[in-house]
Amino acid sequence: ERERERQRDRESVREGPEPPDQAHTPPAPPPSRAFSSHTTPPPPQDVGEPSALPQAPPPLPAQTMATAEPVSDPPAAPEQPTVLGVFEKAKVLIREKPVQRKLVAEFFGTFTLVFTVGCNNLNPEAFNVISIAASLTTMVYALGPISGANLNPAVSTALFLAGKLEVALFTLYVTTQLGAGLCAGTCFSILFGRGAEFGFTETNNWVAMIVVEFCYAFMLCFVVLTTACRSGEPNQYFGLAIGGVIVAGGTASGWISGGALNPSVAFGMDFSSLVAGA
């Protein structure tokens, strides 16, 4: 036993101790395919923490939310009324009871006025204009609460241009007034057997007639708008003011153009001559 141990000791002394690097260093791993033996791999990148989920924006302050105005579409342009649209609306209005009462009042008042003018024209006198003015004043006071007592397409046109009468009702008013004038002219021409002598004469010209009729018709419409249509200031003198315009205009222009100041009167007088002549 001792001899064997001595022999092992001699052999171990001959071979020498094992180097520490080879005894304790593990074998190096094989080189990676992605990098060659002469290329050093890049340092590892710092990935960092994972990105957080997107958060909702912070709420607006109370003052900002109070002053913020809602976004709305721009207002659409108002549609312009067409001729067919006006007629369709007039057909709807004429079926309403209040509108029917207004049209009946306009027809009756215009018929009375034109018939009075025709009767006075058949018997010319100096004070005929007072009779016509009194007839208009009476109808204005009687029918004003019902329809406004326009009794004149020129007055209805002025009210329409002033925005006090819508287009469909304006169309119905003018149609009714002209129809009432034609009916009145037909009635008194058949009743008396002759038409009215009205309008152009040999001593006057068309320019003078047009200027005179325009001036006094404008005066009549102006007085109606400033007396009968004043909002917030009710009065009881508007009928007298309108009658006063008829006295002034009829007296001043009667010998020049007949002093119609009203298309219904003019059409009624001319139509009476046409009926009497037929």
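The paragraphs below lead from the overall build of the protein to a few of its residues.

The structure shown is a predicted model, and it is best approached from its general outline. The protein contains 11 helices and 0 strands, so that a reader who follows the chain along its sequence meets the pattern α-α-α-α-α-α-α-α-α-α-α. Among the contacts in the protein with a separation of 6 or more, 76% are between residues 24 or more positions apart. The protein has 278 residues, of which 31% count as buried, and its accessible surface comes to about 19500 Å². Of that accessible surface, 63% belongs to carbon and sulfur atoms.

One part of the surface can be picked out by its nonpolar side chains. Leu 182, Phe 267, Phe 271 and Leu 274 form a nonpolar patch there, and together these residues have about 370 Å² of accessible area. The element that gives the most to this patch is helix H11, which spans residues 263–277 and provides 3 residues. Phe 271, one of the residues of the patch, lies in helix H11. The relative accessible area of Phe 271 is 31%, and because this value falls between the 20% limit for buried residues and the 50% limit for exposed ones, Phe 271 is described as partly exposed. A residue can join a patch when its relative accessible area is over 30% and it has no salt bridge, and the 31% of Phe 271 is over that limit.

A contrasting setting is found at Asn 128, which belongs to helix H6, the helix made of residues 128–147. Asn 128 counts as buried because its relative accessibility is 13%, and buried means under 20%. The side chain of Asn 128 reaches the backbone oxygen of Asn 123 at a distance of 3.0 Å. When residues up to four places away in sequence are not counted, Asn 128 touches Asn 120 and Asn 123, so Asn 123 appears both in this list of contacts and as the partner that offers its backbone oxygen to the side chain.

The cysteines can be considered last. A search of the whole structure finds 0 disulfides, a link that would call for a pair of cysteine sulfur atoms within 2.5 Å. Cys 119 has a relative accessible area of 27% and is therefore partly exposed, and Cys 215, with a relative accessible area of 42%, is likewise partly exposed, since partly exposed covers the range between the limits of 20% and 50%.

Methods
Residues are numbered from 1 along each chain as its sequence is written. This is a predicted model: local features need pLDDT of at least 70, side-chain atom pairs count only at pLDDT 80 or more; totals for chains, interfaces and linings use all residues. Side-chain values use heavy atoms; hydrogens and water are left out. Patches are made of residues with over 30% relative accessible area and no salt bridge: like charges are joined within 9 Å, nonpolar side chains (Val, Leu, Ile, Met, Phe, Trp, Tyr) within 5 Å. Accessible areas come from the Shrake-Rupley method with a 1.4 Å probe; for residues, only the protein chains shown count as cover. A salt bridge is a side-chain nitrogen of Lys or Arg within 4 Å of a carboxyl oxygen of Asp or Glu. Helices (H or I, at least four residues) and strands (E, at least two) are DSSP runs, numbered from the N terminus. Buried means under 20% relative accessible area, exposed over 50%, partly exposed in between (1.4 Å probe, protein chains only). A polar contact is a pair of N or O atoms within 3.5 Å; within protein, one must be able to donate a hydrogen and the other to accept it, and residues adjacent in sequence count only if both atoms are side-chain atoms. Contact means heavy atoms within 4.5 Å.
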